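Here's a walk through one model, strand by strand and pocket by pocket. Have the coordinates open while you read.

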Amino acid sequence: MFGENPKESHSIARIINKQHLLRLKNLLKDPHVDASIVYGGSVDENNLFIEPTILVDPPLQAAIMTDEVFGPLLPIITLEKIEDSIQFINSRPNALAIYCFTKNKTLQRMMISETSSGSMTFNDTIIQYAADTLPFGGVGESGFGRYHGKFSFDTFSHEKAIARRSFLTDFWFRFPPWNNYKLQLLESAFNYDYLGLVLVILGLKRRRQRSAGI
């Protein structure tokens, strides 16, 4: 897409300033990281350009695998089978986004239910950020809050809880002194177990023995 010489392309962005370019350049300085480069890797400081770079199996403890990259550097970690990716993802800090390329519906469900991330996109990248009907935000170390559209409004809004109770009736058994009979009534009422409530009143239901401190 960028031609034989990406540096000459007007379709590829430059790094925002020299400070960030040097930060990215330093990520590649580690000899073990440099040895893992299989494509790209050239840097032009004067033009704030870094060639799109692919690395295969760089050291997991290297800065490129522990810091946020924010640049055209793509580390690839190989695994025995695709299902192992879930364990690998969960061993790292929470991701801002997970991009999962698979037609396997079972794996898709596993990715959704067994990993934690700010967002997840299947078989594409970035597109979730363009949809203002989807919340944008991280989880854990990748950030907090939700933004875009109404989600931004909700994030900076406080939902004040308001509760009202009628004076027409009250559950007398919620007040002390408590005993097993009152606790049975309270448990049934709290769980909307109306049949259980009737059975307790009729003396046909015994409360399971529990140790409790009140």
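Y39 sits across from I54, a residue of strand 4. Their strands, strand 1 (residues 37-39) and strand 4, pair in the antiparallel sense over two bridges; pairing here takes at least two DSSP bridges between the strands. Helices and strands are DSSP runs numbered from the N terminus, with helices being H or I of at least four residues and strands being E of at least two.

Before going further: this is a predicted model, where local features need pLDDT of at least 70 and side-chain atom pairs count only at pLDDT 80 or more, while totals for chains, interfaces and linings use all residues. Numbering runs from 1 along each chain as its sequence is written, and side-chain values use heavy atoms, leaving out hydrogens and water.

**Strand 4 and its neighbours**

Strand 4 also runs parallel to strand 5, and four bridges join them. One of the contacts there is V56, whose bridge partner in strand 5 is I76.

How do the side chains of strand 4 point along the strand? They alternate: T53 and L55 face one way and are buried, while I54 and V56 face the other way and are not. Buried means under 20% relative accessible area, exposed means over 50%, and partly exposed is in between (1.4 Å probe, protein chains only). That fits the textbook picture, in which side chains of a regular strand alternate between the two faces of the sheet.

**Two pockets**

A pocket here is an open set of points on a 1 Å grid over the protein atoms alone, where a 1.4 Å probe fits and protein lies on both sides within 12 Å along at least five of seven lines; lining residues have an atom within 4 Å of a point. Volumes are the space filled by probe spheres set on the points, which are joined across faces, edges and corners.

The largest pocket comes to about 1900 Å³. It is lined by 36 residues, with L74, P75, A95, A97 and Y99 nearest its centre. Which elements supply at least two residues of that lining? They are helix 3 (63-66), strand 5 (73-76), helix 4 (84-90), strand 6 (95-100) and helix 5 (105-114). Strand 6 gives the largest share, six residues. By type, the lining of the largest pocket splits into 26 nonpolar, six polar and four charged residues. For that count, Ala, Val, Leu, Ile, Met, Phe, Trp, Tyr, Cys and Pro are nonpolar, Asp, Glu, Lys and Arg are charged, and the others, Gly among them, are polar.

The second largest pocket has a volume of about 230 Å³. Its lining residues are I12, A13, I15, I50, P52, T53, I54, P72, L73 and L74. Strand 4 (53-56) and strand 5 are the elements giving two or more residues to this lining. Here the split is nine nonpolar, one polar and no charged.

Back on strand 6, you'll find I98, which is buried at 7% relative accessible area. I98 and T115 are 17 residues apart in sequence and 9.1 Å apart in space, C-alpha to C-alpha.

**Salt bridges**

Side chains of opposite charge can pair when their charged atoms come close. With a salt bridge taken as a side-chain nitrogen of Lys or Arg within 4 Å of a carboxyl oxygen of Asp or Glu, a search of the whole structure turns up seven. Here are some of them:

| Pair | N to O distance |
|---|---|
| K7 and D44 | 2.4 Å |
| K150 and D154 | 3.0 Å |
| R165 and D170 | 3.9 Å |

Why does the bridge between K7 and D44 tie together parts that are 37 residues apart in sequence? K7 lies in the segment before helix 1 (18-27) and D44 in strand 2 (residues 43-44), so the pair links those two parts. K7 is partly exposed at 35% relative accessible area, whereas D44 is buried at 12%.

The pair K150 and D154 is a local affair: both lie in helix 6 (residues 149-155), four residues apart, about one turn of the helix. K150 is exposed at 57%, and D154 is partly exposed at 25%.

In the remaining tabulated pair, R165 is partly exposed at 46% and D170 is partly exposed at 31%. Elsewhere, salt bridges with shared partners join K18, K25 and E45 into one network.

**What the record adds**

UniProt, in an unreviewed entry, places the feature "domain: Aldehyde dehydrogenase" at residues 7-161; such annotations may be inferred rather than shown by experiment, and the positions follow the numbering used here, with feature names shortened. In the model, the end C-alpha atoms of residues 7-161 lie 57 Å apart, and the span is 28% helix and 17% strand.
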